[in-house]
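Q: Please take a close look at one part of this model, the place where its main divisions come together, and then carry on into the strands and helices beyond it. I would like a careful account rather than a quick summary.

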Amino acid sequence: MGLRIGRLRRLMKGAGVDAFYITSPENRFYLSGFSGTAGALLVCREKVYLLTDFRYTGQALRECPGFEIIEVKDSYLESLPEAIAENGIIVMGCEGDHLTYNQYAAMEDKLSGVNLKPAGGLVEELRLCKDEGEIKNITEAVQLTDEAFGRILPVVRPGISEREISLRLEYIMRSCGADGAAFKFIVASGPRSALPHGVASTRIVREGDLVTIDFGAVYRGYHSDMTRTVVVGRPDRKQKDIYNIVLEAQVKAVSAVRAGVKASEIDAAARKVIESRGYGKQFGHSTGHGLGLNIHESPRLSSKEHTVLQAGMVVTVEPGIYLPDWGGVRIEDTVLVEDSGSRVLNESPKEELMVL
Ligand code: ZN
Ligand code: ZN
């Protein structure tokens, strides 16, 4: 953890802040390893504090060596002035994306003599490239989704509801060791598969339906995210054609992933294939996103994102085609960026439209 704090301090210097008050649970965990559900960090030039309440102080002492633990009695703000005075803090960075207006107003009111400066994005910058331990956790989360996908397939049959599929998927994943679901699963069957974010509904799966299943696991705080589209019963020509276009786009985009390439180029690789077949307008979302402690992180693989990929980034590649009243297809893998290419972490088959 000391390494991460050291890197953050260098960024804080560049951002012109003496201290950084961190309230985002993911950033707090990343920097301290504290797994409790309530707490904040104050990173100063020399000292680093973890503020939490009575329920977690023992846990904090165990999990966060090197941090000074401040036990919060009534409010976090009342616990800050002493540390602020002790460290001579004049400019304190805070996370604009994670403070409510009321919290910010209370800080302005109670912390007189301190200038608050929005300094969001600093920890997120550190989190862009994953280290070995993080990659291990993401890989484990991906393996849990692969395992659950293989085991859910026999269940996807005419007569079952989307919700039942979603529920069973989560049950399988959690019994295999996942800490939880990465998000509300998408199980979209028949015409509903045209909804890119069709969260599982009460619709009953029928013969001939395309079923898009988009789900993920959380393992030790880290997320996985995968999508497969399958067909129940015999597929028709059009279902196969659309699937093959999406597959070609996905494979092309994955093979474009490597360190040194702009995120927008990955998006372009997928979009080019889909546009050339006349379905450009039916691919209305970006090609993928980073993931880690959050399900959606930087960089986005979109036409406007010019971030250059670096080894250690983990991104999803997930093009799709959605035709209203007919259905849709999306294929998504979690991919690790490497110096000379990429490693697809998912092992679930995708080479042809899977017939159930
Ligand atoms: Zn997904
Ligand atoms: Zn995704």
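A: A salt bridge here means that a side-chain nitrogen of Lys or Arg lies within 4 Å of a carboxyl oxygen of Asp or Glu. The model is a predicted one, and with that cut-off in hand the pair R4 and E134 can be judged: their closest N and O atoms are 3.9 Å apart, so the pair falls within the limit of 4 Å and counts as a salt bridge. The count between domain 1 and domain 2 is one salt bridge, and the rule for polar contacts likewise finds one residue pair across this interface, both residues being at pLDDT 80 or more. On the side of domain 1 that touches domain 2, helix α2, residues 25-32, gives the most, with three residues.

The setting of this interface is a chain divided into domain 1, covering 2-126, and domain 2, covering 132-355. Taken over C-alpha atoms, the centres of the two domains are separated by 36 Å, and the contact between them involves four residues of domain 1 and five residues of domain 2. Together the domains bury about 370 Å² between them, with 61% of that area on carbon and sulfur atoms. Of the area that domain 1 buries against domain 2, 86% is supplied by E26, F29 and Y30, which is more than any other three residues supply.

Beyond the interface, one open sheet consists of four strands in the order β8-β9-β12-β20, and its pairing is mixed. The strands β8 (186-189) and β20 (354-355) stand at its edges, and because each has a single partner strand, one side of each is left without a neighbour in the sheet. Within this sheet, β9 (residues 210-215) and β12 (residues 226-231) run antiparallel and are joined by six bridges, and F215 has M226 in β12 as its bridge partner. Helix α8, residues 162-175, packs on this sheet by touching β8 and β9, and its direction makes about 145 degrees with that of β8.

A second open sheet has three strands in the order β7-β10-β11, with antiparallel pairing. Its edge strands are β7 (180-181) and β11 (222-223), each of which pairs on one side only. Strand β10, residues 217-219, pairs with β11 over two bridges in the antiparallel sense, and in β11 the bridge partner of Y219 is Y222. Helix α7, residues 132-152, packs on this sheet, where it touches β10 and β11, and its direction makes about 145 degrees with that of β10. The loop between β10 and β11 holds R220, a residue whose phi is positive, at about 50 degrees, although R220 is not a glycine.

Two further backbone details deserve attention. The peptide bond from S298 to P299 is cis, with omega near -5 degrees, and P299 lies in strand β14, residues 297-301. Further along, strand β18 (residues 333-338) and strand β19 (residues 341-344) pair in the antiparallel sense over four bridges; a hairpin of two residues joins β18 to β19, and E338 stands opposite G341 in β19.

Definitions and conventions:
Residues numbered from 1 in each chain as written. Chains lettered and ligands numbered in written order. Predicted model: local features only at pLDDT ≥ 70, side-chain atom pairs only at ≥ 80, totals over all residues. Heavy atoms only, no water. Pairing = 2+ DSSP bridges. Contact = heavy atoms within 4.5 Å. Axes fitted to C-alpha atoms, helices over the stretch in contact; angles between N-to-C directions. Domains from an automatic or database assignment. Buried area = accessible area lost by both parts, 1.4 Å probe. Polar contact = N/O pair within 3.5 Å; in protein donor to acceptor, adjacent residues only side chain to side chain.
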